[in-house]
Structure formats: C-alpha cells, structure tokens
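Work through the exercises below with the structure open. Try each task before reading its solution.

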Amino acid sequence: MDKVLIKVYVPSLEDSFEIFIPKDLQLYEIIGFISQAVEQYSEGQYRSNHKEILCEKDSGNILDINFSAYELGIHNGSKLVLI
C-alpha cells in the first residue's frame, strides 16, 4: 500500500499535523484515519464528531469523499484542512 505524507491543519486547535495516509483508500476512510490520528497527537484536545470534511488549504475546495486520495491528486506535501 503506497502512502503519502500530507500536512493537515485543524482550525479548532490552531495546529497542523503531518500524517501518512494510504493513497488508494476512499477519502471517507481517510478522514476517519486522520481524525483518530489528530485525537492521539493532540492528547485528547480534539474530539471527532464523525462529520469532518477535508478541504484543500490553498483553494478551500471541499474534497469529495467518494474518491481516493490518488484520484483527487493528493500527493506528498499536500496541505489540507480538517473541519
């Protein structure tokens, strides 16, 4: 399974996290994975509501959960926002 290293900004924490994600999973699976990672990295300051969305940081475009990271063009160094 190929993975890519992304940077995820979490506005509610005013912090960013670097996370490896599998590029062949659907985005709805990746969001759950990212939410769990942020919960752990933030030592409980962040709590998932299981309704998060991912956006591109630069453009603000909401990413479609029905596509894989590969299909969405997410690559090493991509900057995303978890809302």
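The model is predicted. Helix α1, residues 27–41, lies across β1, β2, β3 and β4. β4 covers residues 79–82.

**Exercise 1.** At about what angle does helix α1 run to β2?

Solution. Take both directions from N to C. Helix α1 then runs at about 135° to β2.

**Exercise 2.** How many bridges join β1 to β2, and do the strands run parallel or antiparallel?

Solution. Start with β1, residues 3–10. Count its bridges to β2: there are 8. The two strands run antiparallel. For a reference pair, find Lys7, which stands opposite Glu18 in β2.

**Exercise 3.** Over how many bridges do β1 and β4 pair, and in which sense?

Solution. β1 and β4 pair over 3 bridges. The sense is parallel. Here Val8 stands opposite Leu80 in β4.

**Exercise 4.** Which way do β3 and β4 run, and how many bridges join them?

Solution. β3 and β4 run antiparallel. They are joined by 3 bridges. Cys55 faces a partner in β4: it stands opposite Val81.

**Exercise 5.** In what order do the 4 strands lie, and is the sheet open or closed?

Solution. Chain the pairings together. β1 pairs with β2, β1 also pairs with β4, and β4 is joined to β3. The order is therefore β2-β1-β4-β3, and the sheet is open, with mixed pairing. β2 (15–22) and β3 (54–56) are at the edges. Each has a single partner strand, so one side of each lacks a neighbour in the sheet. From one strand to the next, the twist averages 40°.

Technical notes: Residues numbered from 1 in each chain as written. Predicted model: local features only at pLDDT ≥ 70, side-chain atom pairs only at ≥ 80, totals over all residues. Heavy atoms only, no water. Pairing = 2+ DSSP bridges. Axes fitted to C-alpha atoms, helices over the stretch in contact; angles between N-to-C directions. Contact = heavy atoms within 4.5 Å.
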